[in-house]
Amino acid sequence: MSIADGELTSIAFCWALERSDGAGVALTSHDRVLARADVIYDPAPGMVPASIKRTLGLSPDSSEISGALSADALDEADFALGRWDGARISATAHDWEQMDLGPLALLSGEIGSVSIEGDGFSVEVSGAAAQLDRPVCPSTSAECRADFGDKSCRVDLAGRTLRAAVAGVDGTSLSLDRVVEDRFFMGRLRYLSGDNCGAITTILGVDEDRLIVRDLPRGALGEGCVVELREGCDKRLATCATRFDNAANFRGEPHLPGTDLLTRYPGA
């Protein structure tokens, strides 16, 4: 039996969204809470699929979802701060009168561009097939392509973080309430409080209690904001081998001749 069988249907659209930091929401176009398995969908009647395109073959599916901004679920500040950039999303349809029936999968993918107009918003969603547009094999590089501490790098991150509070801001330079070691150069800074809670940036310079970051967050950054620093890596083989004893997991080709090989010799 299908959820669309019968003269009248009672179909509700459901969305489950998960951000890169692990936070997420589950919403439904129904006017009541819907529960299925371990997911509780909160009512958001103004949220509807503007369009869903599904194709046969390997062409990427796409969709656009629009709705009303809500302080309890999706608000303008979260979108403006980029908290939902690249979030995973899955869209399904349920029969709200017979939730025991299996859901109809509509789309799963990643949030793309977001536009906000007044009290509403719309987002573009790229389907899973869009992954096929990415390179099959990584390009060679002298530096490591792995992210520090991920499953390819395998460096244990235990004991490689510290917390501090912001004492002042000057351009892209932050003053902290403590001295920071040089090992945090090229590391990660994550805001743990204030308007930018959850936002992440890269540490480009360390000078005792002063850090130079790649960019300041979009929200207001005040004195006393708590930040978490994670140790960094400059992605060189020498650093991987001597500092982390991890050369076996180095994901780069430091000894592979580059395209400038012929220019290294006189008369070439």
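1. A nonpolar patch lies on the surface of this predicted model. Phe 185, Met 186, Leu 204 and Ile 212 make it, and the patch covers about 330 Å². Start here when you turn the structure on your screen.

2. Look next at one member of that patch, Met 186. Where is Met 186? Met 186 lies in the loop between β11 (173–176) and β12 (188–191). Met 186 counts as partly exposed because its relative accessibility is 33%. The backbone of Met 186 deserves a look too. Phi of Met 186 is positive, about 65°, although Met 186 is not a glycine.

3. Another residue has a positive phi. Lys 235 is a residue other than glycine, and its phi is near 65°. Lys 235 is found in the loop between β15 (226–230) and α2 (237–242). Is Lys 235 buried, exposed or partly exposed? At 26% relative accessibility, Lys 235 counts as partly exposed.

4. The surface also carries a negative patch. Which residues form the negative patch? They are Asp 177, Asp 182, Asp 207, Glu 208 and Asp 209. Take Asp 209 as one of them. Asp 209 sits in the loop between β13 (200–207) and β14 (210–213). With a relative accessibility of 33%, Asp 209 counts as partly exposed.

5. Now the opposite charges. Side chains of opposite charge can pair when their charged atoms come close. How many salt bridges does a search of the whole structure find? The search finds eight salt bridges. The next points take some of them in turn.

6. Begin with Glu 253 and Arg 145. Their side chains meet in a salt bridge, at 2.9 Å from N to O. Glu 253 lies in the segment after α2, while Arg 145 lies in the loop between β9 (120–127) and β10 (161–170), so this pair ties together parts that are 108 residues apart in sequence. What is the exposure of each partner? Glu 253 is partly exposed, with a relative accessible area of 26%. Arg 145 also counts as partly exposed, at 34% relative accessibility.

7. Glu 231 comes next. Glu 231 forms a salt bridge with Arg 160, and the closest N and O atoms are 3.1 Å apart. Glu 231 is in the loop between β15 and α2, and Arg 160 is in the loop between β9 and β10, so the pair ties together parts that are 71 residues apart in sequence. Is Glu 231 buried or exposed? Glu 231 counts as buried, because its relative accessibility is 4%.

8. Glu 231 has a salt bridge with Arg 243 as well. Here the closest N and O atoms are 2.8 Å apart. Arg 243 lies in the segment after α2 and Glu 231 in the loop between β15 and α2, so this pair ties together parts that are 12 residues apart in sequence. Arg 243 counts as partly exposed, at 36% relative accessibility.

9. Put these pairs into a wider picture. A network of salt bridges links Arg 160, Glu 181, Arg 183, Glu 231 and Arg 243. Display these side chains together.

10. Turn to the cysteines. A disulfide is a covalent bond between the sulfur atoms of two cysteines. How many disulfides does the structure hold? The structure holds zero disulfides. Cys 197 is in no disulfide, and the nearest cysteine sulfur, that of Cys 225, is 8.1 Å away. Cys 197 counts as partly exposed, at 34% relative accessibility.

11. Why is Cys 233 not bonded to Cys 240? The sulfur of Cys 240 is the closest cysteine sulfur to that of Cys 233, but the distance is 6.3 Å, which is too far for a bond. The cut-off for a disulfide is a pair of sulfur atoms within 2.5 Å. Cys 233 counts as buried, because its relative accessibility is 16%.

12. One last place to check is Leu 216. Leu 216 lies in the loop between β14 and β15. At 33% relative accessibility, Leu 216 counts as partly exposed. How do Leu 216 and Ala 199 compare in sequence and in space? They are 17 residues apart in sequence and 9.7 Å apart in space, C-alpha to C-alpha.

Conventions
Residues numbered from 1 in each chain as written. Predicted model: local features only at pLDDT ≥ 70, side-chain atom pairs only at ≥ 80, totals over all residues. Heavy atoms only, no water. Patch = residues over 30% accessible without salt bridge, like charges linked within 9 Å, V, L, I, M, F, W, Y side chains within 5 Å. Areas by Shrake-Rupley, 256 points an atom, 1.4 Å probe, with all protein chains shown as cover. Salt bridge = Lys/Arg side-chain N within 4 Å of Asp/Glu carboxyl O. Lys, Arg positive; Asp, Glu negative; His and termini not counted. Charge placed at Lys NZ, Arg CZ, Asp CG, Glu CD. Helix = DSSP H or I, 4+ residues; strand = E, 2+ residues; numbered from the N terminus. Buried < 20%, exposed > 50% of the residue type's maximum accessible area, 1.4 Å probe, protein only.
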